[in-house]
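The exercises below concern salt bridges and the burial of side chains. Work each one from the coordinates, then compare with the solution.

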Amino acid sequence: MRFDGLDLNLLVALDILLTEKNITRAGEKLFLSQPATSAALARLRDYFEDDLLVQVGRSMVLTPMGENLAKPVGDLLIQMRTVLNNKNKFDPSTAKRKFTVMASDYTGNVLLPRLNQLLYRLAPQCSIEQLMPSTEAEKQIERGKVDILLLPSLSILDEHPSLDIFEDEFVCVMWEQNSLKGKQLTLEDYTQAEHVVVRLGAINKTPMIDDWLIRNLDIKRNVAYIATNFTSVPQFVIGTPYIAIMHKKLALQCAEYLPIHVAPLPWEAPKIKICMQWNKYQENDAGLKWFRKLVIDVAEKLVV
């Protein structure tokens, strides 16, 4: 189909080419050979009367025209996909669809198993794919590659709709044979102890709670072990004098089957809000509206 002289099939190729900035990778995603992908780029260059992508050293970069096209083309394809998804009324009992959710292992453990169980009962032919949070979160939601983000409120984007879905608090966890068990933790106990901390992603970012500790209590934790996910933290306090800060919901869940003790923190810590966010152009996607309501229903039943 052509629109104003442009083969609309080329819009998909344009979107991927502008995203990947690499003809070989774009071809793999388009299921085209490298010559065919190069030919598609040539046709796009001819239509827009611009190079769109140019070779600079070993990399390809977008021209100003390419930069200007990237977001509107991506947005257009998301809107088209929403229209096509709504061609039939979404019926969960017969629908076949994969919902992609970007969420940490914390949310993945306290909410997603319950969500998956309910999804299986109501929409047995639908499924969930969980993606771990990354520096690409903004791009993923912008380009419609992720259906929803389930992230702390501080990580939510301003441009797209979001909703607070549940709240949690922080607690201290330790081995059940830790000498601190049974006593009321003091700030001095906490300062002197060695800690297991979590830093997510390749960038090794400072955890949010550490930012708060330094800013409000002038405390920097004495780090004994750096874990790459929240779920593994209890494993690294067992058999050691180490302590750690964890989300209460996950800590209590782990305490059901691991020899750990959960204790209040020696100060009033900030609570954490987990939000759900989706692309504004998918607001009226019938399947996603149904799925978001399912997430809300599950989150409302979470208890500490």
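Relative accessible area sorts residues into three classes: buried means under 20%, exposed over 50%, and partly exposed in between, with a 1.4 Å probe and protein chains only. The model is predicted, so local features need pLDDT of at least 70 and side-chain atom pairs count only at pLDDT 80 or more, while totals for chains, interfaces and linings use all residues. Residues are numbered from 1 along each chain as its sequence is written, and side-chain values use heavy atoms, with hydrogens and water left out.

**Exercise 1.** Find how many salt bridges the whole structure holds, and describe the one that R97 forms.

Step 1. The criterion is a side-chain nitrogen of Lys or Arg within 4 Å of a carboxyl oxygen of Asp or Glu. Searching the whole structure with it gives seven salt bridges.

Step 2. The partner of R97 is D285, with 3.0 Å between the closest N and O atoms.

Step 3. Helices (H or I, at least four residues) and strands (E, at least two) are DSSP runs, numbered from the N terminus. R97 lies in the loop between α4 (64-85) and β5 (98-103), and D285 in the loop between β14 (272-277) and α12 (286-300), so the pair ties together parts that are 188 residues apart in sequence.

Step 4. Both R97 and D285 are buried.

**Exercise 2.** Treat the salt bridges E167–K271 and K293–D297 in the same manner.

Step 1. In the E167–K271 pair the closest N and O atoms are 3.9 Å apart. E167 belongs to strand β8 (residues 162-168) and K271 to the loop between β13 (260-263) and β14, so this bridge ties together parts that are 104 residues apart in sequence.

Step 2. E167 is partly exposed at 37% relative accessible area, whereas K271 is exposed at 51%.

Step 3. For K293 and D297 the closest N and O atoms are 2.8 Å apart. Both residues lie in helix α12, four residues apart, about one turn of the helix.

Step 4. K293 is partly exposed at 47%, and D297 is partly exposed at 22%.

**Exercise 3.** Which residues of helix α6 (residues 112-122) are buried, and which on the other side are exposed?

Step 1. The buried residues include L112, L115, L118 and L119. They cover an arc of only 125° around the axis (taken from the directions from the helix axis to the C-beta atoms), which puts them on the same side of α6.

Step 2. Y120 and R121 are exposed on the other side of α6.

Step 3. With contact set at heavy atoms within 4.5 Å, the buried residues of α6 pack against β5, α5 (105-110), β6 (127-131), β7 (148-152) and α12.
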